[in-house]
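Me: I would like a close look at how this protein is put together, and in particular at its two-part division. Please take me through it slowly, in one connected answer.

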Amino acid sequence: MIIQNTLFLTTQGSYAHLDHETIVVEAEGSVLIRVPLHHLGGIVAFGNVLFSPYLIHRLAETGKSVSWMTEYGRFKAQVRGATTGNVLLRMAQHRAVEEAGIAIAQRMVWGKILNQRQVYMRASREATDPQRKERFTVVTKSLRMLAKMVPKTQEINRLRGVEGMAARIYFRNFPFLILKNPEDWGMTGRNRRPPRDGINALLSFGYALLRTECQSACEVVGLDPQEGYLHVLRPGRPALALDLMEEHRAHFVDRLVLSLVNRGQVRPGDFDTRVGGRVEMTDRARRTFLAAYQQRKKETVHHTAINQTVPFGLLPLIQTRILARALRGDISSYQPFLYR
């Protein structure tokens, strides 16, 4: 699959090699794709994907990168030839902290709140109980009001405050989205470090996976994961990865958790409570979640900003590349992914 001049290789056991100036990818004796070398800016390979040495050499010579990820999206390594692209991009990233940081943060928060709102809009449409439907309608109106406040909020701490208000409304009503034995889950809102109920344990686990995906995306694109625009900068903290994951929490993790719980694939008995009240997932719950998470990454969605249908699993990489384009001035502003 080619997205924004980057070739993504996800077929396990495939082999990429060079035929004159054309990249050929094969698997099990069949050609999956042929693409002229000059059409690409880089290749990202997931899992067991093989490359010929000559292809790697040619990519490096022409200033194109090859990035290796695990099958589950964790960044492992990158080969890049002599180029000044990364340093210029990182200089633009650092300058933007002072020059355009608030505008980027605004777009990220705006996207996050609208995607949270979509969760309750769908719940409202599907609700059969009038009281539940009314509750969800009130939540969607509140989140819409907060989303409208974002462009008017020009100070970063106030913007974080708006994001925090939206999160409190969102998670205060989250227990009402649980349809299967809600009383057995004991969720009253968001809690973490440690999570104190099964739903929050699932959410924390999913967010940790998503954070890894976003940090890997930063490494692939060439951005500094440590310097972001919304989250406070601290040593060792991947602030930009945390920024980028915000708009994906609701549609990537939260809806997956609700699906697993409401279908009975994960049950309240699939958790252990430790000393101090910490709730942990059992091996069964962890395996079930990981399998569903990987399946979710394969599902497709239409991305309006690039006008292509793409797998959910590529959204962090795509959004990071859109951010890089905004930093370089190729587009006027960062465009968050909005789930419809």
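Reply: Among the contacts between residues at least 6 apart in sequence, 60% join residues that are at least 24 apart. This is a predicted model, and the figures that follow are computed from it. Along the chain, the protein is divided into domain 1, which covers residues 1–78, and domain 2, which covers residues 85–326. The C-alpha centres of domain 1 and domain 2 are 30 Å apart, and where the two domains meet, 16 residues of domain 1 are in contact with 18 residues of domain 2, a contact here being heavy atoms within 4.5 Å.

Turning from the domains to the whole protein, we find 10 helices and 13 strands. The radius of gyration is 21 Å, close to the 20 Å that the globule rule gives for 340 residues, so the protein is as compact as a globular protein of that length. Taken along the principal axes, the box filled by the C-alpha atoms is roughly 65 × 45 × 40 Å.

The next topic is what is covered and what is open. Of the 340 residues, 51% count as buried, where buried means under 20% relative accessible area. The protein exposes about 16,300 Å², and carbon and sulfur atoms supply 50% of that area. As for charge, the protein has 48 positive and 30 negative charges, and the mean positions of these two groups are 5 Å apart.

How values were computed:
Residues are numbered from 1 along each chain as its sequence is written. This is a predicted model: local features need pLDDT of at least 70, side-chain atom pairs count only at pLDDT 80 or more; totals for chains, interfaces and linings use all residues. Side-chain values use heavy atoms; hydrogens and water are left out. Helices (H or I, at least four residues) and strands (E, at least two) are DSSP runs, numbered from the N terminus. The radius of gyration is taken over C-alpha atoms; the globule rule is 2.2 Å times the number of residues to the power 0.38. Buried means under 20% relative accessible area, exposed over 50%, partly exposed in between (1.4 Å probe, protein chains only). Accessible areas come from the Shrake-Rupley method with a 1.4 Å probe; for residues, only the protein chains shown count as cover. Lys and Arg count as positive and Asp and Glu as negative; His and the chain ends are not counted. The place of a charge is taken as NZ of Lys, CZ of Arg, CG of Asp or CD of Glu. Domain bounds come from an automatic or database domain assignment.
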